[in-house]
Amino acid sequence: MEIKLWEPPHFPFSTANVRRTHRRASLKLPFPSTTWRLVAHSSMSGSDPTATTIEAPQSQSVKPIYVPTPPNRDLRTPHSGYHFDGSARKFFEGWYFKVSIPERRQSFCFMYSVESPAFTKPLTPLELAQYGPRFTGVGAQILGADDKYICQYSPESQYFWGSRHELMLGNTFVAKQNLKPPNKEVPPEEFDKRVLEGFQVTPLWHQGFICDDGRSNYVETVKTARWEYSTRPVYGWGDVGSTQKSTAGWLAAFPVFEPHWQICMAGGLSTGWIEWDGERIEFENAPSYSEKNWGGAFPRKWFWVQCNVFEGASGEIALTAAGGLRQIPGITENFENAALIGVHYGGKFYEFVPWNGFVNWEIAPWGYWFMSADNGRYVVELEAKTEDPGTHIACSNSRSWPFPSLSYWSVSSDMAALVSWREVHGLTLGRARRQLLQPLAVLLDYPLT
């Protein structure tokens, strides 16, 4: 099972309905409950466990089909667009895209970030005196097969672009000779013609080529990575066919509650290929996911669980659970805990957040995570363990400028996990119950600082 993490969540709401326990939380329900203890896997194995089993390529190579992003597409979430407002305030925006390949028990996690975009180059001495120190530039990271890693970073951001209204962005690290870098979504052939090193990503298409810049001597790296795949979104953040939701609720509109967090695609199916460590890995209808953060800086601490690969399940299921310690507005440094759990299943969205119920959790600095939540109609529990030590990746943090802080990112093949899901109707015995009990491929994070 995989345990990974990247971007921290943001929860701009009060913790009045959030309780953190120092021992394992328990939900005392007035009816017997059933739970299953399962061994989680990073991918599915055996015979056809889900409706989205990934089959190995046969005689013909996989060829993803490019489709331009339509206006007002279905499943577009609030806050999908680029949030930079042009001001000189401290600001970052980061994006996370994951593709899981169950038949190989591997995932590829693409992470992009832009820092201080008001300054497209490192600050001059005059700007430093006027604005103070700022970390500038654009970064692209991938944590991929066999827990190997690649990072390319530039302190300049003049060739970064992002759509104001849609999940579309890109950057050119190195352009082809005498050709202008793109500043919007372009067809794949045009991108390849104009960009030597860089990337572009939309809700429906993702391609790029990057080279490791040698800064990551604490982890095993690959020299280059190239990829090209299409995606069919299945879930945004809400019921299919309905207006999609802001992950952090209506308070996400206020800049004082930063950093913000938005899940852009809780689940999708991707088809294409990735060239990684000398191997071309092809996939069809591979489970995929995307989200983003933006604001002044990351939370001080966080943990994060995300999965859209379940053994023995039928149809599309997506689980996201997270919690963090984030700063609240004020003249002094005040922090609060907050958490949520979200499940998409059968076209429906089941939300567990402080404003509709209770969320409890217990976590160790590393290796053990337990969460439970009750929204008045449904109850869910999640427990995960690992003995893997974790892998470090770069993560922006205002307290460690100009050097990114390091956060745990671990991949494990033997994590034990238990997930139980019950439906509650009324307060009488004999109520209807639904069990969603599956092993997980989980993303978990806890920062070192």
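Here a trainee and a mentor talk through some of the terms applied to this predicted model.

Mentor: A word on the ground rules: this is a predicted model, where local features need pLDDT of at least 70 and side-chain atom pairs count only at pLDDT 80 or more, while totals for chains, interfaces and linings use all residues. Residues are numbered from 1 along each chain as its sequence is written, and side-chain values use heavy atoms, with hydrogens and water left out.

Trainee: Thanks! Why is cysteine 151 called buried?

Mentor: Buried means under 20% relative accessible area, exposed over 50%, and partly exposed in between, with a 1.4 Å probe and protein chains only. Cysteine 151 has 5%, so it is buried. Cysteine 307, at 0%, is therefore buried too.

Trainee: And how many disulfides does the structure hold?

Mentor: It holds 0. A disulfide would be a pair of cysteine sulfur atoms within 2.5 Å.

Trainee: What makes the phi of serine 116 worth a look?

Mentor: Most residues other than glycine have a negative phi. Serine 116 is not a glycine, yet its phi is positive, about 45°. You will find serine 116 in the loop between strand S4 (106–115) and helix H1 (125–131); helices (H or I, at least four residues) and strands (E, at least two) are DSSP runs, numbered from the N terminus. Aspartate 146 also has a positive phi, near 60°, and lies in the loop between strand S5 (137–143) and strand S6 (149–154).

Trainee: Which of the words "buried" and "exposed" fits serine 116, and which fits aspartate 146?

Mentor: Serine 116 has a relative accessible area of 6%, so it is buried. Aspartate 146 reaches 52%, so it counts as exposed.

Trainee: How do you know that lysine 98 makes a polar contact with glutamine 306?

Mentor: A polar contact is a pair of N or O atoms within 3.5 Å; within protein, one must be able to donate a hydrogen and the other to accept it, and residues adjacent in sequence count only if both atoms are side-chain atoms. The side chains of lysine 98 and glutamine 306 meet this at 2.6 Å. Lysine 98 lies in strand S3 (residues 92–101) and, at 1% relative accessible area, is buried.

Trainee: Why are S6 and S7 called edge strands?

Mentor: The open sheet has 11 strands in the order S6-S5-S4-S3-S13-S12-S11-S10-S9-S8-S7, with antiparallel pairing. S6 and S7 (160–162) each have a single partner strand, so one side of each is left without a neighbour in the sheet.

Trainee: What makes S7 and S8 a pair?

Mentor: Two strands pair if DSSP finds at least two bridges between them. S7 and S8 (residues 169–175) have 3, so they pair, running antiparallel.
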